[in-house]
Amino acid sequence: MVKIARWNHDGGTQSGFVEGGNCYALPAGQDVQTLLDAGLEETLALARRVIGSAAAAPLADVQLLAPLEPATIRDFVAFEEHVEGVRKSIDGVAGVVPEWYEAPTFYFTNPHTVTGTGEAIGIPAGCTDLDFETEVAAVVGRVPGSDGRNLTAKEAHRHIFGYTVLNDWSARDLQRREMKVSLGPCKGKDFANTLGPWIVTADEFEDRHDAEGFLPISMSVQVNGETIGRDLLSNMGWPFAELVAYASQDSVVRPGDVLGSGTCGSGCLAELWGRNGSQTPPPLKTGDVVRMTVEGVGTIENTVGARREATTRVPARTRPRNRVASAAASGI
């Protein structure tokens, strides 16, 4: 097992390995993407060399960053319990739609707004219902001889380089409006997502998969020290290998892609709002501290920052449905 991280130290950004409370930087010119492009076996071999020879920086003296700069982020919705509760909260309807059971569903979110543990997460403009989502993310790495297309689940399993914790921050009031258009979410989601504290390589979990490929590891989330929810990753409707394989169908997964599990059961406020029939617990506010822990992976913690005061909605103009431009409009 290897922990792969990015950090700031002495004014510079470095990438490398974390072991025994110390950080060991990669050689100059190499970063986390270098490792993902090399693949898991080469990375494990390199880790043994670097940890034994590179100068150590105490983990307590560095600022951890998001452990990679993702190429893409696909976020699935793989926990039935979460779907059930959030549908009641967002749409006001009980139950799970039959289509959820037919195949995995995901959306693409913003790789450019990734944050690390310890960073403040500002409340986006127009949002009053800020929420978190407790997830595990699989990180894709290179497999020699594979182009990452149309993978079987067995092939996809080899593409899982490692795992990290994911908090998919959510502006529920913005999301609620957007999804009535049957497209999205967009501004309800794209302002922030947190990855960290590091990537734990997949070999750590190889012996922990059950017969169907699920990982029975615990997940929990706290707000201001109070436990809000907990679940097992094995309660997903599909194991991660099937999610990666599905993402690759008539498409491609490549090193640096991140695939989120979706929120675990009781892993966000909106699910609880749906079950409780009220906003209990309340939406996040400035100063709240959100802490997520995944067994065998680690803990991320972020403080909610200030709300950005701005008006961002741009109403549509009702337009005529002319098919031919008038002479005046065309300048004739």
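Here are legends for four close-up views of this predicted model.

**View 1. The largest nonpolar core, with Phe-240 as a way in.** This core has 68 residues, and the ones touching the most other members are Phe-132, Tyr-163, Leu-233, Phe-240 and Leu-284. Helix H7 (residues 240-248) chips in five residues, the largest share of the core. Take Phe-240 itself: leaving aside residues up to four places away in sequence, its contacts are Val-136, Ala-137, Ala-138, Ile-160, Tyr-163, Leu-233, Leu-259, Gly-260 and Ser-261. Another core, of 24 residues, lies apart from the largest one, and its members include Phe-17, Leu-35, Leu-36 and Leu-195.

**View 2. Helix H2 and its buried and exposed residues.** H2 runs over residues 40-53, and its 14 residues should span 20 Å at 1.5 Å a residue; the C-alpha atoms at its ends sit 20 Å apart, so the two agree. Which residues of H2 are buried? They are Thr-43, Leu-44, Leu-46, Ala-47, Val-50 and Ile-51. Because these cover an arc of only 165° around the axis, they end up on the same side of H2. That fits a general rule: an α-helix has 3.6 residues a turn, so residues three or four places apart point the same way. Turned away from the buried side is a face carrying the exposed residues Glu-41, Arg-48, Arg-49, Gly-52 and Ser-53. As for what covers the buried residues, the list includes strands S1 (3-9), S2 (12-19), S3 (22-25), S12 (160-167) and S14 (193-201), along with helix H1 (32-38).

**View 3. The largest cavity and its lining.** Searching the whole structure turns up one cavity of 30 Å³ or more. The space in the largest cavity comes to about 50 Å³. Its lining is made up of Tyr-163, His-209, Gly-213, Phe-214, Leu-215, Leu-233, Ser-234, Met-236, Pro-239 and Phe-240. Some names here should ring a bell from View 1: Tyr-163, Leu-233 and Phe-240 line the cavity and are also among the residues that touch the most other members of the largest core.

**View 4. Ile-300 and its surroundings in strand S19.** The strand covers residues 298-307. Is Ile-300 buried or exposed? With a relative accessible area of 1%, Ile-300 counts as buried, because the cut-off for that is under 20%. Setting aside residues up to four places away in sequence, Ile-300 touches Thr-117, Val-165, Asn-167, Thr-194, Leu-195, Gly-196, Pro-197, Val-290, Arg-291 and Met-292. Then there's Gly-118: it is 182 residues from Ile-300 along the chain, yet their C-alpha atoms are separated by 7.3 Å.

Terms used
Residues are numbered from 1 along each chain as its sequence is written. This is a predicted model: local features need pLDDT of at least 70, side-chain atom pairs count only at pLDDT 80 or more; totals for chains, interfaces and linings use all residues. Side-chain values use heavy atoms; hydrogens and water are left out. A nonpolar core is a set of buried Ala, Val, Leu, Ile, Met, Phe, Trp, Tyr and Cys residues joined through side-chain atoms within 4.5 Å. Buried means under 20% relative accessible area, exposed over 50%, partly exposed in between (1.4 Å probe, protein chains only). Helices (H or I, at least four residues) and strands (E, at least two) are DSSP runs, numbered from the N terminus. Contact means heavy atoms within 4.5 Å. The expected span of a helix is 1.5 Å times one less than its number of residues. The arc is that of the directions from the helix axis to the C-beta atoms. On a 1 Å grid over the protein atoms alone, a cavity is a set of points where a 1.4 Å probe fits but cannot get out, and a pocket is an open set with protein on both sides within 12 Å along at least five of seven lines; lining residues have an atom within 4 Å of a point. Grid points are joined across faces, edges and corners, and a volume is the space filled by probe spheres set on the points.
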